[in-house]
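Trainee: I would like a close look at a single part of this protein. Please take me through it step by step, and then through its surroundings.

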Amino acid sequence: MALITVTFLGPAASFSHQAAVESFGTSVELLARPSFPDAFASVQHQEVDYAIVPFENSSNGSVVQTLDLLADPAGSYPDVRVCGEHYLSVHHCLLARHGQHDLNSINKLYTHPQAWGQCERFLSEHFKGVERQDVSSTSKAAEIVANETAERSAAIASRFAAEHHGLDIIEENIEDKDNNTTRFLVLRNQNSERTTRLPFEKVKVPPTPSPTARKTLISFTVHQNAPGALADALLIFKNHGMNLTSINSRPSQRTPWQYVFLVECQMAPAYDGKEAVAEILAGLKDATENSRHLGTWNSMGSSGAQ
């Protein structure tokens, strides 16, 4: 049987790459994709078995690129479903080329925009007034610094990226909060025979034991001019034993000031999961303009224990 294929948000040595290795191990084929839409499209067109994408960070909140693609106002990814999650402890390091260890000599910093906010205390103390350059990922920042010869630059990225690009770690664990964690979602195509036969729970490292809880993600759009429409929709979740764990909204791209709501919920142990989801969707059909089930999966818990 061909290897399981997993795509992650690249380039190589990104936090997404690290999350993919931690989730699936090294016995799968890992494929980098340059953008969030590319990762989603790979799953939609069954070019890969799974994708792993960042969903939220404990310090910086939700990843809007993932939310927009899950909301999918254009209907580009109708078959993409969430089938799992992974919690990655995010530790940022200051990386530079060999011999470039003097903090005072660094005149330019590279990293992903989210990393600035996660390391603000360290940056304010050591790099006030130093130029900051946004790049597409922390691993791209490490790659740029590794390939530069004239600049006195440094990157904020992971130890994983330092090892991959041959950079020195000047300072480690520079993030503001030592419990900085990113939650990733694992995606599959609901029509894929391979991932039906080889579900994430069986191919992940290690395989999932009996789950203590299940999560579900549902999107919907409410009638704009109906008073209490959102409250009525959310009440349906409560009435079916669902604890709401997150609520996000994104522009519908159809009508100004209309939003797609993405509700993640965790079902109480006393309720049957499949039956509860079906009943919630039936209730939302009457209370909303449209709704969509985006997946149900085993909760891994905020500790990230695997």
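In which helix does T66 lie?

Mentor: T66 lies in helix α3. Keep in mind that this is a predicted model. Start with the residue itself. T66 is buried, because its relative accessible area is 1% and the cut-off for buried is under 20%. Now look at what surrounds T66. Set aside the neighbours within four places in sequence. T66 is then in contact with F36, F40, V53, P54 and F55. Place these partners on the elements around them. Helix α2 spans 36-44, and strand β3 spans 50-57. F36 and F40 fall within the α2 range. V53, P54 and F55 fall within the β3 range.

Next, step back to the domains. The domain assignment gives domain 1 as 1-90 + 180-207. Domain 2 covers 93-171, and domain 3 covers 209-305. T66 therefore belongs to domain 1, as does the rest of α3, which runs from 64 to 71. The C-alpha centres of domain 1 and domain 3 lie 21 Å apart. Between these two domains, 24 residues of domain 1 are in contact with 24 residues of domain 3. Together they bury about 1900 Å². Carbon and sulfur atoms carry 52% of that area. On the domain 1 side, P73, E85 and Y87 supply 27% of the area buried against domain 3. No other three residues supply more.

Polar links come next. There are 4 salt bridges between domain 1 and domain 3. R250 forms a salt bridge with D68. Their closest N and O atoms are 2.6 Å apart. There are also 11 residue pairs in polar contact between domain 1 and domain 3. Which elements give two or more residues to the side of domain 1 that touches domain 3? They are α3, β5 (80-89) and β11 (181-189). So the helix that holds T66 appears in this list. The largest share comes from β5, with 7 residues. By type, the residues on this side of domain 1 divide into 14 nonpolar, 2 polar and 8 charged.

Now check the backbone elsewhere. A cis peptide bond joins G10 and P11, with omega about 10 degrees. P11 lies in the loop between β1 (5-9) and α1 (15-24). A13 is in the loop between β1 and α1 as well. Phi of A13 is near 80 degrees, a positive value in a residue other than glycine. A13 counts as buried, because its relative accessibility is 0%.

Q46 also has a positive phi, about 55 degrees, although it is not a glycine. Q46 is found in the loop between α2 and β3. Recall that the partners of T66 include F40 and V53. Is Q46 buried or partly exposed? Q46 counts as partly exposed, because its relative accessibility is 43%.

One more cis bond remains. The peptide bond from V205 to P206 is cis, with omega near -20 degrees. P206 sits in the loop between α9 (200-203) and β12 (214-221).

To sum up, T66 is buried in helix α3. Helix α3 also gives residues to the side of domain 1 that touches domain 3.

Conventions:
Residues are numbered from 1 along each chain as its sequence is written. This is a predicted model: local features need pLDDT of at least 70, side-chain atom pairs count only at pLDDT 80 or more; totals for chains, interfaces and linings use all residues. Side-chain values use heavy atoms; hydrogens and water are left out. Contact means heavy atoms within 4.5 Å. Buried area is the accessible area (1.4 Å probe) that two parts lose on being put together, summed over both. A salt bridge is a side-chain nitrogen of Lys or Arg within 4 Å of a carboxyl oxygen of Asp or Glu. A polar contact is a pair of N or O atoms within 3.5 Å; within protein, one must be able to donate a hydrogen and the other to accept it, and residues adjacent in sequence count only if both atoms are side-chain atoms. Helices (H or I, at least four residues) and strands (E, at least two) are DSSP runs, numbered from the N terminus. Ala, Val, Leu, Ile, Met, Phe, Trp, Tyr, Cys and Pro count as nonpolar, Asp, Glu, Lys and Arg as charged, and the others, Gly among them, as polar. Buried means under 20% relative accessible area, exposed over 50%, partly exposed in between (1.4 Å probe, protein chains only).
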